[in-house]
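Work through the following exercises with the sequence and the model open. Each task is followed by a solution in steps.

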Amino acid sequence: VTGQDAYARIARATCDWVLREMTDAGGAFHAALDADSEGEEGKFYVWTVDEVREALGEEAAAVFSARYNLSPRGNFHDEATGRATGTNIPHLSGPELPAALDAGLAEARAKLLQVRSGRVPPGKDDKVITSWNGLMIGGLAFAGKVLGEDRYVEAAARAADFCLTTLRPQGKLLRRYRDGEAAFDAYLEDFAFLADGLLDLHDATGDGRWADAARSLADTLLSDFWDPEDGGFFFTGTGHESLIARSKDLFDGALPSPNGVAARVLARLGAVPGGEAYGDRAREMLRAFHGVMHRVPHGTQTLILAAGLTFGGTGGTADPAAGVVTFHGEEPALRVTPGGSATAVFLLTVAAGWHVNAHRVPEEHLLPTVAEITTDLPAAVGPVRYPAPVSWSPGGDA
């Protein structure tokens, strides 16, 4: 988006770390690394000035310490006491990130990485979680396409094969894999995140089998997770244990909203010829969630992006309701004397076959009509008077 090479450099370094440190022998990706090692938080990652001097020599250490904010007092603080520990988290200083590291700094980093590899490593959570792998597959596929790095796309394809075989025995997607065992029925986020990642992989490779696999996952989403009453997807499927209530997660947190990603998957599949039914379902669920997106835009970014994709955005299909409601003001302009008032009449005309309200629409999905005055002069909107409502029933005249 920005064309800044610094961001591309850091993206490559991040992808390389995932391939180096977090990749399972079968090609999938592990869950996490601990912060602690040898009973101390951060011990594997931090450096004293003396350790850097011993590894690099006096002159190179001075340059590295200046560029990476290392000091004898240390910039890493104990979490409980807040005191400086004498150790440092190396991080670049300067007004802007460099597009490339000079040869001296690159050599210093390589030496320190070699020294660090001899330390006691932190513990690893080596579970393979389906949903997290879906996110990583999409990230690597996209990065490989944008950066021209085939190895990232190839790594994404290996992980995708793992998820579609080892994590989908007998055609049933499971939640996690560890120590040779795949277990637990997959949840909404597992289906949605993996399908989205597979579509990114399809975009990067043009291989139709990834799109076919995503379509199969979307079909299961619609058959096992869809809420026929209020729209959207439950977190658990019909095959999971029966609960008092089935939750429906709409909000972004540490992970994107599963419903938002599911909507994006449907929108992307709906943009492909023959996939109109997926697009229709995406529009249905996003209309149902319009109220919460309007009220809490800062917590529903994934849903909002899916709405942009669905309703005429990039790769989406046009809104079939476009042109159903037309707006007309009776007076092109109102002239009001200082201290006076005037009445404006606005007409909203709904096309034949459509009506304003939906069957049993929840209160939180209703949005008020808003009128405001665009003027620099002191003014206010007075009472709004609506015409009497007209009820409609199927087969009736009214």
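**Salt bridges and cysteines**

The structure holds 26 salt bridges. The model is a predicted one.

**Exercise 1.** Find which residue meets Glu-149 in a salt bridge, and state where the two partners lie in the chain.

Solution.
- Step 1. The side chain of Glu-149 meets that of Arg-12, with 2.9 Å from N to O. The cut-off for a salt bridge is 4 Å, so the pair qualifies.
- Step 2. Glu-149 sits in the loop between helix 5 (130–147) and helix 6 (150–165), while Arg-12 belongs to helix 1 (residues 5–21). The partners are 137 residues apart, so this salt bridge links distant parts of the chain.
- Step 3. Glu-149 has a relative accessible area of 17% and is buried, whereas Arg-12, with 27%, is partly exposed. The line between the two classes is drawn at 20%.

**Exercise 2.** Classify Glu-181 and Arg-176 as buried, partly exposed or exposed.

Solution.
- Step 1. The two residues form a salt bridge, and their closest N and O atoms are 3.4 Å apart.
- Step 2. Glu-181 has a relative accessible area of 43%. This value lies between 20% and 50%, so the residue is partly exposed.
- Step 3. Arg-176 has 16% relative accessibility. This is under 20%, so Arg-176 counts as buried.

**Exercise 3.** Explain how Arg-281 and Glu-284 are placed relative to each other in helix 10.

Solution.
- Step 1. Arg-281 and Glu-284 form a salt bridge, with the closest N and O atoms 3.5 Å apart.
- Step 2. Both lie in helix 10 (residues 276–288); because they are three residues apart, about one helical turn separates them.
- Step 3. Arg-281 is partly exposed at 26% relative accessibility, and Glu-284 is partly exposed with a relative accessible area of 39%.

**Exercise 4.** Name the acidic and basic members of the salt-bridge network that includes Asp-200.

Solution.
- Step 1. On the Asp side, the network includes Asp-196, Asp-200 and Asp-203.
- Step 2. On the Arg side, Arg-264 and Arg-268 are linked into the network.

**Exercise 5.** State how many disulfides a search of the whole structure finds, then check the accessibility of Cys-15 and Cys-163.

Solution.
- Step 1. A disulfide is a covalent bond between the sulfur atoms of two cysteines.
- Step 2. The search of the whole structure finds zero disulfides. The cut-off for such a pair is 2.5 Å between sulfur atoms.
- Step 3. Cys-15 counts as buried, at 8% relative accessibility. Cys-163 counts as buried too, at 0%.

Key. Residues are numbered from 1 along each chain as its sequence is written. This is a predicted model: local features need pLDDT of at least 70, side-chain atom pairs count only at pLDDT 80 or more; totals for chains, interfaces and linings use all residues. Side-chain values use heavy atoms; hydrogens and water are left out. Helices (H or I, at least four residues) and strands (E, at least two) are DSSP runs, numbered from the N terminus. Buried means under 20% relative accessible area, exposed over 50%, partly exposed in between (1.4 Å probe, protein chains only).
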